[in-house]
Amino acid sequence: MSFHAVTAHRAQLGEGPFWDAPTQALYWVNIAGKQALRLMDGHLQVWQLPEHVSAFIPCESGDALVTLSSGVYRLDLVTEALTLLCVADPQAGNRGNEARCDAQGRLWLGTMQNNIGEQGEDLPITRRSGGLFRIDADAQVTPLLSGLGIPNTLLWSDDGTQVHFGDSLDGTLYRHGIAPDGQLHPAQVWFGPHERGGPDGSAMDVEGYIWNARWDGSCLLRLAPDGQVDRIIELPVSRPTSCVFGGPHLTTLYITSAASPLDHPLDGAVLAIEVDVPGKPCHRFAG
């Protein structure tokens with residue numbers, strides 16, 4: 001498979017890719033560099049933010065959401081003004097990590113103990129203080145899970161009755177049933193620890209297979225609906241962090257990555273590859 005970097009930009013910790021089909025634009029973040037990035041019509045735009053940012057998701061109302069350490073904010077893409085939407089996780093010392101919107105356009109946000117210093121340096125994780133929260137279009141917050149280590153991967157079944165959700169501290173991807181009242185049933189182990197790195201972010205294709213980025217594993221795993229490894233996609237980066245399907249036919253897989261001690265030339269780049277099965281689209285925030 002042939003890979004190319006979509007821009008010359010290299011992130012210390014690239015994450016959270018989002019493909020906006022209506023504008024054919026790719027959104028992502030550099031968490032440690034406090035940057036929100038958008039590639040549209042071949043033009044890269046970078047918003048420098050005051051705090052670490054884990055997700056950058058366009059809204060139906062025309063602005064975008066950014067998940068910062070102190071809360072979820074609306075970002076005016078023209079004036080760069082930030083307006084607080086909500087504080088989903090009030091616990092001091094936590095930050096946002098994984099964030100995606102479900103088919104109803106509600107934001108699901110996983111939080112964790114902050115592990116990034118002011119200069120972007122790594123800090124140790126000493127507690128499972130993270131949670132999973134749902135934020136509706138009216139900014140109402142519903143807590144769903146607590147006691148999380150490093151939340152990663154948020155993907156829903158087509159009928160909305162199940163969510164795949166990972167905790168990298170466990171090396172495990174789980175599956176939760178979603179009750180009619182919106183709360184989650186207890187976790188079932190869906191895909192446990194694997195020799196090829198730890199589970200980071202994921203994307204789902206139209207066949208219901210999950211493409212999971214493997215931190216320190218230099219690959220993606222394509223996982224069948226029953227949790228079996230369907231194939232391994234070798235990557236020219238050692239720390240892929242997440243992926244998303246994009247392009248006009250949703251057959252371009254965009255892969256974010258982080259810097260690593262191995263110092264590969266493409267570490268921190270956003271990679272693009274063409275794949276043989278289209279993916280499912282991203283959803284904007286409904287608010």
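Partly exposed, the term needed for one of the arginines on this tour, describes a residue whose relative accessible area lies between the buried class, under 20%, and the exposed class, over 50%. The structure open in your viewer is a predicted model, and the tour follows some of its 16 salt bridges.

Begin by selecting aspartate 20 together with arginine 284, whose side chains meet in a salt bridge with a distance of 2.8 Å from N to O. This pair links distant parts of the chain, since aspartate 20 belongs to strand S2 (residues 14–20) while arginine 284 sits in the segment after strand S24 (271–274), 264 residues apart. If you colour by accessibility, aspartate 20 counts as buried, because its relative accessibility is 2%.

Next, select arginine 222 and aspartate 230, which form a salt bridge whose closest N and O atoms are 3.0 Å apart. Are these two partners buried or partly exposed? Arginine 222, at 4% relative accessibility, counts as buried, whereas aspartate 230, at 37%, counts as partly exposed.

Keep aspartate 230 selected and add arginine 231, with which aspartate 230 forms another salt bridge, the closest N and O atoms here being 3.3 Å apart. Arginine 231 has a relative accessibility of 26% and therefore counts as partly exposed.

Finally, widen the selection to Asp205, Glu207, Arg222, Asp230, Arg231 and Asp276, which are joined into one network by salt bridges that share partners. Within this view, Asp230 can be traced as a shared partner, bridging to Arg222 and to Arg231.

Methods
Residues are numbered from 1 along each chain as its sequence is written. This is a predicted model: local features need pLDDT of at least 70, side-chain atom pairs count only at pLDDT 80 or more; totals for chains, interfaces and linings use all residues. Side-chain values use heavy atoms; hydrogens and water are left out. A salt bridge is a side-chain nitrogen of Lys or Arg within 4 Å of a carboxyl oxygen of Asp or Glu. Helices (H or I, at least four residues) and strands (E, at least two) are DSSP runs, numbered from the N terminus. Buried means under 20% relative accessible area, exposed over 50%, partly exposed in between (1.4 Å probe, protein chains only).
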